[in-house]
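Got your viewer open and a selection tool at hand? Here is a short walk through the model, one stop after another.

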Amino acid sequence: MSREGVLAVLRGVASALTIPQIADELGVHPNTVRFHLDTLVTEGRVERVEPDRGRPGRPPLMFRAVRGMDPGGTRRYRVLAEILTSALAGDRNASAKALEAGRAWARRVTGPTRKAPGAQQSITRLVELLDDLGFAPQRREAHGQEQIGLRHCPFLELAQDRSAVVCPIHLGLMQGALAAWRAPVTVERLDPFVEPDLCLAHLASSVVAS
């Protein structure tokens, strides 16, 4: 008997049940039910119900399943991403739309700054953002130009099949973040897979709006 069994019993009835009632339904000891209920309540999948205090004696603890989709259920975000990227890839302006989508997302999640940062501070903040997103970024320099190497792609399988969509999104989110910060630098281009484990973001000066 598992906690999913306890949850199934509670979902199968319209009213709240006591621990002994659940135990009888499953044919197990009440302590086993109590153990699983504690976890289900903590996860937000089951809730305690205020007992009827109009009856004499100590009222029993009662529980019912939280109505709604199970927050502990399986997720298939990759399937969703594949559906969306496949649909966008069929558009004539797929790369341009993907680029703008990345910019818009970055502007939304980063937000503006009160004071425009300097170039080095901006690059540092961008590296931190990319690190949080799972890109394993590294600051680099070649021929006097600053670069950011991306050693990991958090959307690797999609990028391999839909690079015309996924890579512009990555470029757009870097450009969008720097623009939101009013940084004096931008990412002028992103070279994907210059090595099997490396993509290169090329930084350049930008004109900052006052």
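Start by selecting Cys 199: at 12% relative accessibility, this residue counts as buried. Keep in mind throughout that you are looking at a predicted model. Now, which cysteine sulfur is closest to the one in Cys 199? Show Cys 167 as well; its sulfur sits 6.1 Å from that of Cys 199, too far for a bond. Cys 167 is buried too, with a relative accessible area of 11%. Looking from the other end, the closest cysteine sulfur to Cys 167 is the one in Cys 199.

As a reminder, a disulfide is a covalent bond between the sulfur atoms of two cysteines. With the cut-off for the sulfur pair set at 2.5 Å, how many disulfides does the count give? It comes to 0.

Stay around here and color strand S7, residues 198-205. S7 is joined to S5 by 4 bridges, and the two run antiparallel. For a marker on this pairing, pick Ile 148, which stands opposite Ala 201 in S7.

Next, follow S5 over to S4. Select residues 137-142 for S4 and 145-150 for S5: they pair in the antiparallel sense over 6 bridges. Zoom in on Ala 142, and you'll find Gln 145 of S5 opposite. What do S4 and S5 form together? A hairpin, with 2 residues between the strands. If you like checking torsions, click His 143 in the turn, where phi is positive at about 55°.

Now jump to the low residue numbers. Here 3 strands make an open sheet in the order S1-S3-S2, with antiparallel pairing. Select S1 (17-18) and S2 (46-49): these are the edge strands, each with a single partner strand, so one side of each is left without a neighbour in the sheet. In general, strands of a sheet pair through backbone hydrogen bonds, so turn on the backbone atoms for this stop.

Add S3, residues 62-65, which pairs with S1 in the antiparallel sense over 2 bridges. Leu 17 is a handy label to put on, since across from this residue stands Phe 63 in S3.

Finally, bring in the helices. Which strands does H1 lie across? Show residues 3-11 as a cartoon: H1 lies across S1, S2 and S3, and runs at about 90° to S3. Then show H3, residues 30-42, which packs on the sheet and touches S2 and S3. Line up the view on S2 to compare directions: H3 makes about 105° with S2.

How values were computed
Residues are numbered from 1 along each chain as its sequence is written. This is a predicted model: local features need pLDDT of at least 70, side-chain atom pairs count only at pLDDT 80 or more; totals for chains, interfaces and linings use all residues. Side-chain values use heavy atoms; hydrogens and water are left out. Two strands pair if DSSP finds at least two bridges between them. Contact means heavy atoms within 4.5 Å. Axes are lines fitted to C-alpha atoms, for helices over the stretch in contact, and angles run from 0 to 180 degrees between N-to-C directions. A disulfide is a pair of cysteine sulfur atoms within 2.5 Å. Buried means under 20% relative accessible area, exposed over 50%, partly exposed in between (1.4 Å probe, protein chains only).
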